[in-house]
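Biologist: Let us go through this model together. I will ask, and you answer from the atoms.

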Amino acid sequence: MNSKITRREVLQFVGGSALGVLLSPLPWKVLDDTAIWTQNWPWTPKPKRGDIAYRTTTCTLCQSSCGMRARTIGAQPVSLAGTQHHPFNQGALCTSGLLAHHLRYHPSRVKQALKFSVQAKSHSTLSADDAFRELSAVLKNSSSVVIVDERAGRTVSALYAELAASARTVSYAPVSARGISSLNRLAGNASLQAGYDVDNAKCILSFGAPLFDGWGTPSLAARFFDKRGTQKLIQIEPVRSRTAEMASKWIVSRPGTDLAAALSFAHVLLEERLVSASALKSITDIDELALFLGAFTPEVVSKQTGIPPATLRETARAIASQTPSVCVTSHAAGDDVQDAVMLLNILTGAVGTQGGITLRAEIPGMRSAAASAKQSVQIDDLPDHSVNVFILDESLSGSSIPDTLLQDKLVSGGQGVIISLSPFVTPRPFALQYIIPSTVMFETLGDTTGPFDAARSGLALSSALLPAPDGTLDALQFVQKCAETLSVSLSSTGSSEEILKKRIGALHASKRGQVFMTSTGETTDVKQLATADDLWNALVEGGCWIDEAVGVNARALSFRVMPSIKHTRQTQTTDSNTLLVYPIVESSAYSGKTVSPLMSKVSQESGLRLSAQDAYLNPVTAAAHQIEHGSTVALRTKNGTMNVRAKLDARTMPDVIFVSCTAQSCGNQSAIASSAQDVRLLCEVSSGGSYTPTPVTIQKVYL
Amino acid sequence: METTQKSPRYGMVIDVDRCTGCGNCMVACAVENNVPPAQAKVTERTGMTWMRVSKLDNGLPFPENRSVYLPVSCQQCDHHTPCQSVCPQNAVEYDIESGIVAQIPVRCFGCRYCMTACPYHARYYNWFDPEWADGIERTLNPDVSARMRGVVEKCNFCHGRLQAARAKAAADGRKTESESDYTTACAECCPTQAIRFGNLADPKSEVSILSKSPSAFRLLEDLGTEPKVYFRSEQEWVHTIVKKTSSSELKEHSNG
Amino acid sequence: MDKQLIARGVTRTSLKNFYLWILPWCLLLAVGLYAVFLCLAKGLNQTNMDNRFSFGLWIYLDLTVIALGAGAFFTGFLLYVLKRKELKAVINSAVVIGFICYSGAVAVLGVDVGQPLRSWFTFWHPNVHSMLTEVTFCITCYLTVLAIEYIPVVLKNRKLKKVPSMLVFEFELHKLMVVFAAVGTFLSFFHQGSLGGLYGVLVGRPFAFRPALGIWPTTFFLFILSAAAVGPSFIMLTTWAASKISRKSLVKPDVYRYLGKISGSLLIFYIILKAVDTMFWINTVSTKGFSPAGFYRMQEFGTWILFTEIVVLGLVPAIMLLSRRVRANQKLLITAGAMACAGIVLNRYVMTIQTLALPTLPFDVFMSYVPSWQEVATFLAVLSYGMLVYSFSFRYLTLFPQEREIQSV
Ligand SMILES: Nc1nc2c(c(=O)[nH]1)N[C@H]1C(S)=C(S)[C@@H](COP(=O)(O)OP(=O)(O)OC[C@H]3O[C@@H](n4cnc5c(=O)[nH]c(N)nc54)[C@H](O)[C@@H]3O)O[C@H]1N2
Ligand SMILES: Nc1nc2c(c(=O)[nH]1)N[C@H]1C(S)=C(S)[C@@H](COP(=O)(O)OP(=O)(O)OC[C@H]3O[C@@H](n4cnc5c(=O)[nH]c(N)nc54)[C@H](O)[C@@H]3O)O[C@H]1N2
Ligand code: SF4
Ligand code: SF4
Ligand code: SF4
Ligand code: SF4
Ligand code: SF4
Ligand SMILES: [Mo]
């Protein structure tokens, strides 16, 4: 058999079949298929196609309430941009707002009610009915329930206040903008509302406020640049931040010394008689104040702040002479700093002035703010360990209330309960916590007030482009559920649309203010709109309402400042080579809140912003401790230790370490899986739940 | 008539004095072009940032340190386009109709030679499989297909938007896209309007005028790659530092 | 069976010893293949390459291995085309080494590219201006030529020779060898050159960029010349190593001296041109806005590297190899050969890694890169594969025809 096959035959067979295969479609088909397959891996997502449309609405992630235009496929937003010519944001959005359409699908999204045990080591899911049954028992057995509203001024805020007014055991704690709450405090009037009229100010003195980096609306930087030359910004900050870089003048100060600086400015204003008679008259305890300020001479304060006495004097003169001027602080500043800075505004006559702090009238259609204010409490003022239950409305953008503050106020022994209305998992490992799943932007109809860096107050609606997932509640439904549980009846009930329409109806009836309409890009007087529906439609289509420039008469105001000012914390006088650690948010984008996974572009993937557990360090300080860029560094304060990753940056003051507050270590991960440590737990807390620069020791960790 | 008109050459002029380093351009680009978010292991060196905002500083210590942000995307090199000439399989194309250097990811086999060739580090390799958290893939832009692991990609001046503008022109019976229909995502979402986009071939366009101003400069101009992305600054030190190339101002960084 | 496969007239170690020798290489190969699997299945995130170090260890070693493997083409060229009969003693070994180097390099490239299944697109949509296209075409063709050159070596195996048709085939093939050697030489020259051109054309990398002579940058010619210069040294080294490991004399001492002499003559020529090229580069690079001194500011990549490359591992071994006295001393001869090879290893390192490490943009920082274990293991797999192929070839094929002669003496 074998011997019959010759070599020639074998070769012929092999050669012939090789040629035959080549001529057949087989190899080409295989090549083609590999090409196609390598281009369409089944696990590579394919974008869905559909009808493209544009919808305008309002961003509710923060108070700026930016007008935004969503590009949608079907109903699904696929990209966002600012609404051109919108009076609130002039077409600009911030980074987190640009990615707001991802939040619906965030890995930390809560789909079912969750119950976390005290140590948060375990959690269980509950049905909505079971959750409210348990909450009902909890609420009925509690003698002190505090509802925390991180965005007062909404329609739901009024209902929270009403609930608190009707139920004996419940109180309402609106967390108002810091500077504004100082004004309330010093004026002894909790219902006073105000805004910073930065656009019309000739001189802005900023105590570390990141004006061009999330302090106000995202258009603030452009507005400032366009006025370049005519407006002066003096930035006092220990870091040459983005804002300091672009300011007209940057004054370097040691961290944690803003209070002393502010009081020295007040000292100079009084000493050099730069305060107008009417301003002096508005302060009822001016003599006591003058006595108190006597100690804060520029020469003394200079030693603490590191700012030369001459600079302190010049700056005080600038805010007094370049009027209208306005003094602002970072959101992160403590109440003591805020109060001292508000005192400066009172002394310069900025309060109630165009280009200063404008007083705002109540928005029509709401239960009176004055009435709400009566029920209000400040979390800070509550006695320690006196609260059984905190109800946190985190439905808009998560909570920014420091854990330590809540922990101090809750009854001890882990007996406290936290009820969060939240779209995301935001574990609070020190209390029994219920998370009631809430809707996110684009899933719900809601209202939002306008920016605080504007003279006039505003109102806008955010519309539901997508259906809310089963089992989620919006804040208006939640407050009604809570009322039901506590057997309280509210003045306004029904669907969110019914409740909001009622409010807009009242706004229309008042004939006050103007409305910006996205359909025309123009602003019209409310008076011109025939029906309440016209106003409603304009707002639902992403327009906004702006109040008339009428406000409270500032002359009627008088301030009693000493009770607040004299309780100010003694500025810590650390000697100048003590290392300090300080937490920074570093961007409007983070705020310790839940953001789109795509935010990794600006942090993890590029280092443009700090990632979780990153720290800015001056290269000189780093060299003194043998720390290199990227080294792991152990921080130790008297409150604990943590490891951070060093990022050397010559814009940072030597001997200060700024640590990111960002919690998410990877955007694609659920917060439950995140192991990031929170630097804030290492820092000392001052008044109002602010963290203060805290002495620290550092050491390079060799991995 | 339109037929005698020179075809457009798109370009950008970025005012670094207006750039606050907010990062909007970076995320807007990722949204527009379906660039995935980072996986846990991704670092600053393996990230995918078609637009990347870098910090440029004057090298002085605190408090004399001064800095600006430079948003750097593909510089759309017009002459001897470095990446295009080296690609073995024509996965990089220079579009004569627009002057845009386009990337064809489905033809790319991931050799990364183009990345070695690009002096602007504007090209990015998909080190990982793209991964969107469950559901976020519903927010992908239907005009741009998602890429896969193992290929290179980069800024293409929002090609999907150019296509859409061309489609619109065709539907309206025009030969070329109208410039008002075409802007890039990064320019559109810059809150300070630091990024200006337009047709450099049109002497009356804003970008064309800005690009000729004495405050304008380009990166690595001496290499002769003729980038179509210009920057501009009124600050003297910025010009000085940009002209002094990195090799004389080396700083060490290592996270290997 | 083992005994029957071994060539007549030579002795080989016991089968047990042979197994003990190959066992570690097999293990290393297995680990390496696992690393390859990881890279193919999970992607190149398994490596420490990144957007800056878009090329890493693999490309560097590919370039190195191919330069050293050049001994094959150059020996073939000298033997078959220039009729230098002395080289018959090492030609078989050279062909095997060339085959190993090229096939190993191709295998690593298959892992290095992100979409290996699309590699054939280069033939489908070739960009004729790309050096990489040139490299791909040459490497594919030359690997085929090497395989053909390898076949007669295999066919000369004692057992296979018994098959009459194989003998005929081998004889016919042998007659064609001149043609293959010439084609192979051309392809390999071209290929070496293209690898040099790969970096030399990079206008965006002034550190690597060189002006064109004709249509190729100077690195094209320098790569050819340097590979031709160290190829014989590498053949010398491998022959010497094989002889040390097998504890046998494989070639007559004059073969070593002859290889050393060829290497030396070419190396001195190369070093002079390299020095001229460097001078020229130093004087022109500043027109690109880069200061030449700037490239050498970092400690790691100081001017010492340039000095080492050109003088210590270039000029010095060249002079040594050219000296009859040095060549007469085997220790010195081998040392000089090793230095020459090290010089080229360093040159390829400078071209690949240093080029990428140096910043280009004003805000760039100098970066370092350390390969991951997967990268190292993948390369060790190629080394093991080479060791195994060579060991089997050495045991069963006639790599050194003089061996029998020497042993019978
Ligand atoms: N050092 C330090 N301290 C911190 C933190 C930190 O990271 N570091 N974290 C902190 C964080 S992130 C935050 S957000 C803060 C809290 O920060 P706050 O400064 O309290 O800011 P918001 O929560 O935005 O509060 C805005 C409130 O002001 C209200 N508002 C808006 N306009 C007006 C108006 O015209 N009149 C009145 N009366 N109210 C108005 C809104 O309705 C809303 O309730 O605490 C923090 N404390
Ligand atoms: N669009 C949008 N904007 C937002 C938010 C949002 O959700 N969306 N959130 C808001 C919220 S909640 C927050 S917390 C903020 C974040 O804004 P901020 O609360 O202002 O916090 P940081 O970004 O940390 O900025 C604090 C700055 O103060 C400086 N600094 C640190 N210590 C001192 C000091 O002792 N004295 C002085 N003078 N300066 C010091 C630091 O350099 C740092 O740049 O963004 C707010 N803005
Ligand atoms: S500033 Fe606030 S409202 Fe505006 S886009 Fe950003 S998060 Fe939304
Ligand atoms: S910048 Fe880089 S990627 Fe863009 S065209 Fe130039 S070489 Fe190519
Ligand atoms: S990586 Fe892709 S685009 Fe770049 S050179 Fe290779 S094939 Fe071309
Ligand atoms: S032009 Fe388009 S693709 Fe290029 S960086 Fe801007 S957004 Fe990205
Ligand atoms: S969006 Fe504009 S301001 Fe923000 S980083 Fe980009 S260029 Fe700069
Ligand atoms: Mo915050």
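Biologist: How many residues are in the largest nonpolar core, and which have the most contacts inside it?
Modeller: This is a predicted model, and what follows is computed from it. The largest nonpolar core counts 225 residues. Those with the most contacts inside it are B:Y113, B:F157, B:I195, B:L219, B:F231 and C:Y199.

Biologist: Which chain B residues is C:Y199 in contact with, leaving aside neighbours within four places in sequence?
Modeller: Contact here means heavy atoms within 4.5 Å. From chain C, the partners of C:Y199 include C:F55, C:I59, C:L63, C:F209 and C:M351. From chain B, they are B:Y113 and B:T116.

Biologist: How many residues does the other core have?
Modeller: That core lies apart from the largest one. Among its residues are A:A194, A:V198, A:A279 and A:A340. Its count is 71 residues.

Biologist: What area is buried between chain A and chain B?
Modeller: The contact takes 69 residues from chain A and 65 residues from chain B. Carbon and sulfur atoms give 59% of the buried area. The total is about 5,500 Å².

Biologist: Which three residues supply the most of the area that chain A buries against chain B?
Modeller: Together they supply 11% of that area. No other three residues supply more. They are A:Y105, A:K601 and A:E605.

Biologist: Which residue has a polar backbone atom 2.3 Å from a nitrogen atom of ligand 2?
Modeller: Of the 25 residues around ligand 2, those that come nearest are A:G214, A:E237, A:G256, A:D258 and A:V585. An oxygen atom of the ligand is 2.5 Å from a polar backbone atom of A:G256. A nitrogen atom is 2.7 Å from a side-chain N or O atom of A:D258. The 2.3 Å pair belongs to A:G214.

Biologist: How much of the area that ligand 2 exposes when taken alone does the protein bury?
Modeller: Taken alone, ligand 2 exposes 880 Å². Its shell divides into 13 nonpolar, eight polar and four charged residues. The protein buries 89% of the ligand's area.

Biologist: How many charged residues are in the shell around ligand 7?
Modeller: 13 residues surround ligand 7, and the closest are B:C19, B:C22, B:G23, B:C25 and B:C190. Eight of the shell residues are nonpolar and five are polar. The charged count is therefore zero, with Asp, Glu, Lys and Arg counting as charged.

Biologist: And ligand 5: which residues are the closest?
Modeller: 13 residues surround ligand 5. By class, they are nine nonpolar, three polar and one charged. The closest are B:C87, B:C108, B:C111, B:R112 and B:C114.

Conventions
Residues numbered from 1 in each chain as written. Chains lettered and ligands numbered in written order. Predicted model: local features only at pLDDT ≥ 70, side-chain atom pairs only at ≥ 80, totals over all residues. Heavy atoms only, no water. Near = heavy atom within 4 Å. Polar contact = N/O pair within 3.5 Å; in protein donor to acceptor, adjacent residues only side chain to side chain. Areas by Shrake-Rupley, 256 points an atom, 1.4 Å probe, with all protein chains shown as cover. Core = buried A, V, L, I, M, F, W, Y, C linked by side-chain atoms within 4.5 Å. Buried < 20%, exposed > 50% of the residue type's maximum accessible area, 1.4 Å probe, protein only. Buried area = accessible area lost by both parts, 1.4 Å probe.
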